[in-house]
Amino acid sequence: MTHERQVTLLRLTLERFKGVGRLELDFGGKSGTVYGRNGTGKSSIYDAWAWLMTGKDSGGQTPADVNGCSIKPLDGEGNVLDHAAHTAVTGVLSVDGRELTLRREYYEKWTRKRGRAEESYDGNTTDYFVDGVPVQKKLYDETVAQIAPPEQFRVLSDLYTFASLDDRSRRDVLLQVAGLGDEREIMATDERFSPLLAATEADSLEQYTKKVKSLRKKLNDQRAAIPARLDEVKRSVEELAGLPFDELRQSVADLEAEEARLNGQLSQTGADHTAALRVQVGELENRRNALELENRQYRQQQETAKPGPREKRQELNRLQVSYRYESERYHSAQRDAEKYEARLEQSREDWRTAYRERYPGNAICPTCGQTLPAEKQAEARAVWQEHHEKKLNDAISEGERLKKLVARSQEQAAEVQSRMVELENRIAQAKDELAALEADSGAEVVNLPGFAGRM
């Protein structure tokens with residue numbers, strides 16, 4: 001059973017969060033209500049509280065999402081006011097009587113690349129603190145989850161979240177809030193639920209409900225089919241009513257009498273005559289079996305002599321599969337050649353761009369603003385020249401590599417195309433041979449002359 005925690009918010013502090021420069025709200029663990037005109041920052045307070053606990057604003061968006069929440073201070077045109085500022089929210093909570101401080105900071109990362117005077121923007125980062133100690137995101141999330149998991153936090157802090165849940169989830173929340181236990185515990189409080197409690201011994205109530213619905217649907221389908229089956233039985237009865245049952249009964253009686261007569265004659269024939277007849281019948285059976293065997297061999301010889309298109313059809317299928325495989329290889333080689341050609345042209349353009357570059361000749365120190373000494377200017381020019389030559393050499397090396405890849409891809413395409421032409425000729429020949437075999441395969445297979453046995 002989940003341990004119920006007593007959690008209250010003592011103090012919430014916003015620093016450079018959206019339009020709020022600094023705001024400290026001392027709730028003291030009591031209920032509080034925030035009033036104000038539109039646009040004065042009421043929603044920002046709730047966004048700050050939600051972001052501190054979940055990393056998302058009240059709408060469920062993170063700063064990293066596309067069109068997500070923007071928590072940095074912005075000017076009237078939507079630009080960041082201070083790229084060096086840290087946006088932070090600090091919350092002091094009481095958890096089962098123990099004070100816990102959570103803090104989340106969000107700020108931009110700016111670094112100066114080697115050889116450049118200006119810093120470049122490298123995205124945003126977030127720092128996490130628990131009781132003033134820096135921690136990793138995983139530990140921070142685990143600490144918050146012990147207080148209130150994100151899904152429970154939304155239900156507890158947002159009036160609209162509960163209304164947006166499905167019926168099953170809302171019922172689970174209400175049962176948990178009311179402390180009524182699970183479904184089986186509720187059913188055990190009333191004897192009327194005893195049959196249902198026994199039926200759900202192995203399955204949950206939800207699974208049992210699905211079984212009952214499935215069974216009900218099956219029974220309804222069977223009930224819907226009963227009228228059609230009754231009509232079918234009625235038609236059968238009407239058809240049977242038109243049969244001459246009296247004549248059929250008389251025919252059965254006549255056949256039974258004839259059977260009795262023949263049985264009587266057979267019993268009067270005697271054992272010797274019966275044995276002779278059985279020997280004769282055995283000889284006839286043997287003769288018939290021998291003739292049937294001979295006829296089967298005769299038919300098999302005709303089947304074997306007939307030209308069979310099956311092998312030729314299999315050969316044609318193999319050739320067509322090989323052709324499709326080679327065609328895919330050909331198109332793949334063509335695409336590779338086009339891709340490498342495009343990259344080769346880009347490499348040439350990179351070389352031309354680098355070739356047109358000229359040393360900017362900046363003799364002013366970017367830090368102090370004074371003129372650099374001559375030796376520093378010469379050193380800067382040498383560094384730039386070395387970097388410039390490396391760019392040109394790299395572009396040339398890349399171009400040579402891409403030329404080889406283009407040539408190899410074109411060579412592969414030519415080789416595959418040659419095999420495709422050969423396969424096309426073989427496929428055409430196989431189709432002609434198959435058509436000839438199918439035209440000759442219609443000859444009828446006959447029995448031995450004079451054979452009238454069963455096959």
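How many salt bridges does the count come to? In this predicted model, the count comes to 31 salt bridges. The report below examines several of these pairs, then a network of linked charged residues, and finally a nonpolar patch on the surface.

**Salt bridges within helices**

As a general point, side chains of opposite charge can pair when their charged atoms come close. Three pairs of this kind are listed here.

| Pair | Closest N to O separation |
|---|---|
| Arginine 261 and glutamate 258 | 2.4 Å |
| Aspartate 394 and lysine 390 | 2.8 Å |
| Glutamate 379 and lysine 376 | 4.0 Å |

The pair formed by arginine 261 and glutamate 258 belongs to helix α9, which covers residues 245-269. These two residues lie 3 positions apart in that helix, so about one helical turn separates them. Arginine 261 has a relative accessibility of 40% and therefore counts as partly exposed. Its partner, glutamate 258, is likewise assigned to the partly exposed class, at 34%.

Helix α12 spans residues 374-440 and holds the pair of glutamate 379 and lysine 376. Because these residues are 3 apart in the helix, the separation between them is about one helical turn. Glutamate 379 is partly exposed, its relative accessible area being 47%, and lysine 376 is also partly exposed, with a value of 43%.

Aspartate 394 and lysine 390 are also found in helix α12. Here the spacing is 4 residues, which again corresponds to about one helical turn. Aspartate 394 has a relative accessibility of 39% and counts as partly exposed.

**A network of charged residues**

Salt bridges also link a set of residues into a network. Its members are Arg11, Glu15, Arg16, Arg22, Glu24, Arg103 and Glu105.

**A nonpolar surface patch**

Which residues make the nonpolar surface patch of about 350 Å²? The patch is made by Leu240, Leu243, Phe245 and Leu248. One of these, leucine 248, is located in helix α9, the helix that also contains arginine 261 and glutamate 258. Why can leucine 248 take part in a surface patch? Membership requires over 30% relative accessible area, and leucine 248 satisfies this cut-off because its relative accessible area is 44%. With that value, leucine 248 is classed as partly exposed.

Methods: Residues numbered from 1 in each chain as written. Predicted model: local features only at pLDDT ≥ 70, side-chain atom pairs only at ≥ 80, totals over all residues. Heavy atoms only, no water. Patch = residues over 30% accessible without salt bridge, like charges linked within 9 Å, V, L, I, M, F, W, Y side chains within 5 Å. Areas by Shrake-Rupley, 256 points an atom, 1.4 Å probe, with all protein chains shown as cover. Salt bridge = Lys/Arg side-chain N within 4 Å of Asp/Glu carboxyl O. Buried < 20%, exposed > 50% of the residue type's maximum accessible area, 1.4 Å probe, protein only.
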